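Biologist: I am new to this one. Please pick a single part, take a close look at it, and then set it in the rest of the chain.

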Amino acid sequence: MEETGRDRDIEGRARSARPRDGLGRPLPYGAPGVERQPEGVVRTPQETVREAQRLLDAGMPFHAHEVFEDAWKSGPVAERELWRGLAQLAVGLTHAARGNATGGARLLRRGAAALAEFAGARPYGIGVDGLIRWAGELAGRVETADSDGADGDDAVRDGEVRGKPVDAVAEAPCLRPPAR
């Protein structure tokens, strides 16, 4: 940490050194956390999809988002919306798993919209059409579960509906389903 009390990386950018849990939430200093994804890793598209799927299957969609973000920033311009959309789906699942229904649904729909230009295609074996359907269905379920008030746990904080979190492992999408 520097004199201002803010964590900085070696280039001087603000970067928290606090450990994080599997959903990317900061934990207290000294608490055991999940290893972070290294930033700025250039992977092949196949490596990106494989690593992101591994993280999604492990219930770590925040970390999968970081992998997609690396591809979005380092890949060809023509593919940026693909990787950005996938990153948004992962962040949407992250928010839904944290119990943030409003943010989760919003990001799932935004990611699906970004993927729309790839509908009907399977870039790198990615089942875009299935992911668009998955995102819409999950967004709807998250909103419905939190608007019915059945569990009594819903609360509004900072304009966001907070309710029952979804299970990130159970809800993890399959990026490369078998071709039909």
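**A tyrosine in a loop, and the helices around it**

Modeller: At 28% relative accessibility, Tyr-124 counts as partly exposed, because buried means under 20% and exposed means over 50%. This is a predicted model, so every value here is computed from it. Where does Tyr-124 sit? Its place is in the loop between helix 4 and helix 5, and helix 5 covers residues 128–147. Look at its backbone. Phi of Tyr-124 is near 60°, a positive value in a residue other than glycine. Most residues other than glycine have a negative phi.

A glycine also takes a positive phi in this chain. Gly-59 does so just after helix 1, at about 80°.

Now go back along the sequence from the tyrosine loop to helix 4, residues 101–115. Helix 4 packs with helix 3 at an angle of about 165°, and their axes are 7 Å apart. An angle over 145 degrees counts as roughly antiparallel, and helix 3 and helix 4 are therefore roughly antiparallel to each other. Their crossing is left-handed. Which residues make the contact? From helix 3 they include Glu-81, Leu-82, Arg-84, Gly-85 and Leu-86, and also His-95 and Ala-96. From helix 4 they include Gly-103, Gly-104, Leu-107, Leu-108 and Arg-110.

Helix 3 has a second partner. The buried residues of helix 1 pack against helix 3 (80–98), and also against helix 2 (61–74) and helix 6 (168–171). Which residues of helix 1 are buried? They are Thr-48, Val-49, Ala-52, Gln-53, Leu-55 and Leu-56. Seen down the axis of helix 1, these buried residues fall within an arc of 165°, so they line one face of the helix. The general rule helps here. An α-helix has 3.6 residues a turn, so residues three or four places apart point the same way.

Check the length of helix 1 too. It runs over residues 45–57, which is 13 residues. At 1.5 Å a residue, it should span 18 Å. Its end C-alpha atoms are 18 Å apart, which agrees.

Step back to the whole chain. Its secondary structure comes to six helices and two strands. Along the sequence, the pattern is α-α-α-α-α-β-β-α. Buried residues make up 42% of the 180 residues. Take the contacts between residues at least 6 apart in sequence: 58% of them join residues at least 24 apart.

Notes: Residues are numbered from 1 along each chain as its sequence is written. This is a predicted model: local features need pLDDT of at least 70, side-chain atom pairs count only at pLDDT 80 or more; totals for chains, interfaces and linings use all residues. Side-chain values use heavy atoms; hydrogens and water are left out. Helices (H or I, at least four residues) and strands (E, at least two) are DSSP runs, numbered from the N terminus. The expected span of a helix is 1.5 Å times one less than its number of residues. Buried means under 20% relative accessible area, exposed over 50%, partly exposed in between (1.4 Å probe, protein chains only). The arc is that of the directions from the helix axis to the C-beta atoms. Contact means heavy atoms within 4.5 Å. Axes are lines fitted to C-alpha atoms, for helices over the stretch in contact, and angles run from 0 to 180 degrees between N-to-C directions. Angles under 35 degrees count as roughly parallel, over 145 as roughly antiparallel, 65 to 115 as roughly perpendicular and the rest as oblique. A crossing is left-handed if the near helix is turned anticlockwise from the far one by less than a right angle, and right-handed if clockwise.
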